[in-house]
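Student: I should like to go through the salt bridges here and ask what justifies each label.

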Amino acid sequence: MRNFDTTLYFITDSTGFGEEEFLRRTEEALKGGATILQLREKDKTTREYISLAEKVHTLTKKYNVPLIIDDRVDVALAMGAEGVHLGQSDMPIHTARKILGEDFIIGATAKTVPQALEAAEQGADYLGVGAIYPTTTKVKTVLTSTETLDAICKAVPIPVNAIGGLNKDNIDVLQGISVAGICVVSAIMKAEEPQKAAKELKKTAISLGIIKEERK
């Protein structure tokens with residue numbers, strides 16, 4: 001398994017942005033301290049997804065940050081990403097592991113303790129748990145309580161990351177829960193200054209004791 005750091009897990013959203021502006025904002029997030037980046041594109045064709053992923057990968061390699069492809073094992077494998085993130089309706093984790101090998105990062109979405117345990121048993125390297133708050137990135141959002149998040153953190157031996165509507169003004173709800181990192185989309189992607197937003201979010205999370213200083 002590759003070494004990786006999920007303390008500030010940035011998930012992209014290209015909605016409403018041209019490619020040039022999207023890539024600019026993505027790089028600003030990396031400059032601001034994103035430690036891992038997930039490219040999430042629900043509506044692009046396979047060819048479009050691969051093309052954009054290759055451009056994003058050029059940026060992530062520049063900052064030595066792993067690129068995770070959302071959902072698509074084929075896209076991740078085709079363009080040489082460092083990892084893939086799989087939801088409950090995507091390819092089973094154990095199947096993806098057979099295809100991708102042991103060095104590939106595989107993340108999984110979990111909303112319950114049983115889902116989390118199953119993902120860990122099948123070979124997931126980390127979990128994304130949420131949504132903690134309602135989000136603007138999905139039409140249907142199923143909320144996950146902080147109690148469930150805490151129970152998942154205690155139940156599995158792999159890093160657990162909170163996701164869903166989180167920003168620097170509401171992450172205090174995560175205090176006392178042993179999350180490995182915070183996943184954000186809009187708080188950085190839609191900020192006027194993505195680099196500044198990323199820096200402030202990380203600084204706030206560290207000061208609240210939610211995440212630790214970035215591992216070297």
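Student: What makes the contact between Asp125 and Arg97 a salt bridge?

Tutor: A salt bridge requires a side-chain nitrogen of Lys or Arg within 4 Å of a carboxyl oxygen of Asp or Glu. The side chains of Asp125 and Arg97 meet at 2.9 Å, N to O, so the pair satisfies that definition. The pair links distant parts of the chain, 28 residues apart: Asp125 is in the loop between helix 5 (113–122) and strand 6 (126–130), and Arg97 is in helix 4 (residues 93–100). Here helices (H or I, at least four residues) and strands (E, at least two) are DSSP runs, numbered from the N terminus. This is a predicted model, in which local features need pLDDT of at least 70 and side-chain atom pairs count only at pLDDT 80 or more, while totals for chains, interfaces and linings use all residues. Residues are numbered from 1 along each chain as its sequence is written, and side-chain values use heavy atoms, with hydrogens and water left out.

Student: Why is Asp125 called buried?

Tutor: Buried means under 20% relative accessible area, exposed over 50%, and partly exposed in between (1.4 Å probe, protein chains only). Asp125 has 5% and Arg97 has 9%, so both are buried.

Student: How do you know that Lys55 and Glu19 tie together separate parts?

Tutor: Their side chains form a salt bridge of 2.6 Å, N to O. Lys55 lies in helix 2 (residues 46–62) and Glu19 in helix 1 (residues 19–31), so the bridge joins parts 36 residues apart in sequence. Lys55, at 34% relative accessibility, is partly exposed, as is Glu19 at 40%.
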